[in-house]
Amino acid sequence: MLVFNDNAQLFFGTGTDAYIYYNGTDLLLNPKNAGSGVLKVEGALIVSSTSASVNINIESSSSAILRLISDTNNDGSAPDAKIVFYNNGSSSSDATWAIGHDGSDSESFKISQGEQVDTAPKLTIQADGKVGIGTTAPSSTVEIAASNTGATLELSAWDADTIGSVGFIRFQKS
């Protein structure tokens, strides 16, 4: 067993070529001068937590650029798994887009503006395969809604196996 106390360091190579460092809060792995400076994991990498949210940040300097998140919804109800893109920093106001699974919306896949997939969605793919752009509840195979005009464009495919099945393209302004 290897035990780390506050500010413990474990060095590999000569000097500080590569090290593991515990600062009392975070466990840091630094492959600084080891080979190409890449931390390589062979086999499975599993990140887990007993908290409601687990994040993996891919950062440049100190600004989070990409974050993989498994957490509960905005309201703490259903689980989401998502990838969030940040512009310059890692706070929610820095988030530009999120893509992922929305557990609170019948297992829909969404692309949203901001940090949450269940707020400000721009594209929704429902579990039944219906796609909505500008709407979270498409009623046709593809539905495009303009939020500023109330206009919608719907596309529905013809089912050759069903007698009387009709495909259509419909434009509607409400």
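A residue counts as buried when its relative accessible area is under 20%, and in this predicted model that cut-off is the one to keep in mind at the opening stop, lysine 82, which at 4% relative accessibility counts as buried.

**Stop 1: lysine 82.** Select lysine 82, which lies in strand 6, and display its side chain together with that of glutamine 116, since the two are joined by a polar contact of 2.8 Å. Leaving aside residues up to four places away in sequence, lysine 82 touches Arg67, Leu68, Ile69, Asp71, Ile99, Gly100, Glu115, Gln116 and Val117. Several of these names return at later stops.

**Stop 2: the nonpolar core.** Next select Ile69, Val84, Tyr86, Ala95, Ala98 and Val117, the six residues that make up the largest nonpolar core. Colouring by strand will show that strand 6 (79-86) and strand 7 (95-102) each supply at least two residues of this core. Centre the view on isoleucine 69, whose contacts, not counting residues up to four places away in sequence, are Ser53, Val54, Asn55, Asp80, Ala81, Lys82, Val84 and Tyr86; the list thus includes the lysine of the opening stop as well as two members of the core, Val84 and Tyr86.

**Stop 3: strands 6, 7 and 8.** Switch to the backbone and follow strand 6 and strand 7, which pair in the antiparallel sense over seven bridges, with valine 84 standing opposite alanine 98 in strand 7. Moving on to the other pairing of strand 7, select strand 8 (residues 108-113), which is antiparallel to strand 7 and joined to it over six bridges; here glycine 100 stands opposite lysine 110. Between these two strands the hairpin has five residues, and within the hairpin serine 106 takes a positive phi near 50°.

**Stop 4: the salt bridges.** The model holds four salt bridges. Begin with arginine 67 and glutamate 115, whose side chains meet at 4.0 Å, N to O; the pair links distant parts of the chain, arginine 67 being in strand 5 (residues 63-72) and glutamate 115 in the loop between strand 8 and strand 9 (121-125), 48 residues apart. Both of these residues are buried. Return then to the hairpin side and select aspartate 102 and lysine 110, a salt bridge in which the closest N and O atoms are 2.9 Å apart, and in which both residues are again buried. Adding Asp105 to the selection completes a network of salt bridges that links Asp102, Asp105 and Lys110. For a contrast in setting, select aspartate 128 and lysine 130, whose closest N and O atoms are 3.9 Å apart in a salt bridge: aspartate 128 counts as exposed at 53% relative accessibility, while lysine 130, with a relative accessible area of 28%, is partly exposed.

**Stop 5: the three-stranded sheet.** Finally, turn to the N-terminal strands, where an open sheet of three strands has the order 1-2-3 with antiparallel pairing. Strand 1 (8-12) and strand 3 (27-30) stand at the edges, each with a single partner strand, so one side of each is left without a neighbour in the sheet. From one strand to the next the twist averages 10°. To inspect one of the pairings, select strand 1 with strand 2 (residues 18-22), which run antiparallel and are joined by five bridges, and then pick out phenylalanine 11, whose bridge partner in strand 2 is tyrosine 19.

Note on methods
Residues numbered from 1 in each chain as written. Predicted model: local features only at pLDDT ≥ 70, side-chain atom pairs only at ≥ 80, totals over all residues. Heavy atoms only, no water. Core = buried A, V, L, I, M, F, W, Y, C linked by side-chain atoms within 4.5 Å. Buried < 20%, exposed > 50% of the residue type's maximum accessible area, 1.4 Å probe, protein only. Helix = DSSP H or I, 4+ residues; strand = E, 2+ residues; numbered from the N terminus. Contact = heavy atoms within 4.5 Å. Pairing = 2+ DSSP bridges. Axes fitted to C-alpha atoms, helices over the stretch in contact; angles between N-to-C directions. Polar contact = N/O pair within 3.5 Å; in protein donor to acceptor, adjacent residues only side chain to side chain.
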